[in-house]
Amino acid sequence: MSATVENPRTTIRPLRLAVVIGSTRQGRFGPTVAGWFVRQAALRDDLAVDVVDTRDIELPHAFGAATDHPSVAEATEKLSAAEAFVVVTPEYNHSYPGSLKNLIDTHHSEWQAKPVGFVSYGGISGGLRAVEHLRPVFAELHAVTVRDCVCFPNPWGRFDAAGELAEPNGADAAAATMLDQLSWWGEALRSARAAHPYGK
């Protein structure tokens, strides 16, 4: 008679994942890409997904300026509660948006000892140069970036009016791979922070 082995993943509280939309430009494509990704993540029972949209946050435009706007407090609360992040970013001039840098720099401990994944989009490079610029930024903030990412070269004709991909297989597989890595790191780092708070 064989014993029943319970899947350990079903006994672990879902990881709180914050999906950050990095662009604030008029006519931006970020919400389409982010919406698709959020739906991918929501299919998993090991993740609880929240969204942080830089366009909704009244971030300061000068270093040291007050950050007491209610939208900043709300974003800070979401980032602090998150146990993992996915940054959705376009590529502007071989890098990422200033609005995203402002959000990142306005926070510090919220990112520490947590994993970060990337979904990028842009021209022929698919936003990968933006991702490579973001990796050392998060390293400086003591976050861990996962190896695999999801990228969309020239994405504007790849999504239909409902925000779904015409040919989803490759992107779906890339998202699953990245989310597996993010989930592993997220659970490992959550356990580590509980056993020994980071930096203490």
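Select Phe-118 first: at 0% relative accessibility, Phe-118 counts as buried. Now add Phe-138, which is likewise buried at 0% relative accessibility. This is a predicted model, and the two rings have their centres 6.1 Å apart and their planes at 55°, so the pair is tilted. Phe-118 sits in strand E4 and Phe-138 in helix H4 (residues 128-140). The pair links distant parts of the chain, 20 residues apart.

**Colour by confidence**

The chain has a mean pLDDT of 92, and 92% of its residues reach 70 or more. Residues 1-8 fall below 50, and beyond near neighbours in sequence this stretch has one contact in the model. Where pLDDT is low, predicted coordinates should not be read in detail.

**Strands E4 and E6**

Select residues 115-122 for strand E4, then E6; the two pair in the parallel sense over four bridges. Show Tyr-121: its bridge partner in E6 is Phe-152. Now display the side chains of E6, residues 150-153. Which of them are buried? Val-150 and Phe-152 are, and they point to one face. Cys-151 and Pro-153 point to the other face and are not buried. In a regular strand, side chains alternate between the two faces of the sheet.

**The cores**

Keep Phe-152 on screen. The largest nonpolar core has 26 residues, and Phe-152 is among those with the most contacts inside it, along with Leu-17, Val-33, Trp-36, Phe-37 and Val-119. Two or more residues each come from strand E1 (15-21), helix H1 (30-42), strand E3 (84-90), E4, E6 and H5. A second, separate core has 25 residues, including Leu-100, Val-116, Val-131 and Ala-143.

Go back to Val-33. Leaving aside neighbours within four places in sequence, Val-33 is in contact with Val-88, Val-119, Tyr-121, Phe-152 and Phe-159.

**The aromatic rings**

Ten aromatic pairs are counted. Select Phe-29 and Phe-159: they form an edge-to-face pair, 5.7 Å centre to centre, with 70° between the planes. Why does this pair tie together parts 130 residues apart in sequence? Because Phe-29 lies in the loop between E1 and H1, and Phe-159 in the loop between E6 and H5. Phe-29 counts as buried at 15% relative accessibility, and Phe-159 is buried at 9%. Widen the selection: ring pairs link Phe-29, Trp-36, Phe-37, Tyr-121, Phe-152, Trp-156 and Phe-159 into a cluster.

**Helix H5**

Finish with residues 169-195. Helix H5 has 27 residues and reaches 39 Å from its first C-alpha to its last, close to the 39 Å expected at 1.5 Å a residue. Among its buried residues are Ala-171, Ala-175, Met-178, Leu-182 and Leu-189. Glu-187 and Arg-190 are buried too.

Terms used:
Residues are numbered from 1 along each chain as its sequence is written. This is a predicted model: local features need pLDDT of at least 70, side-chain atom pairs count only at pLDDT 80 or more; totals for chains, interfaces and linings use all residues. Side-chain values use heavy atoms; hydrogens and water are left out. Buried means under 20% relative accessible area, exposed over 50%, partly exposed in between (1.4 Å probe, protein chains only). Two strands pair if DSSP finds at least two bridges between them. pLDDT is the predictor's confidence in each residue, from 0 to 100. Contact means heavy atoms within 4.5 Å. The expected span of a helix is 1.5 Å times one less than its number of residues. A nonpolar core is a set of buried Ala, Val, Leu, Ile, Met, Phe, Trp, Tyr and Cys residues joined through side-chain atoms within 4.5 Å. Rings of Phe, Tyr and Trp (its six-membered ring) pair if their centres lie within 6.5 Å; planes under 30 degrees apart count as stacked, over 60 as edge-to-face and the rest as tilted.
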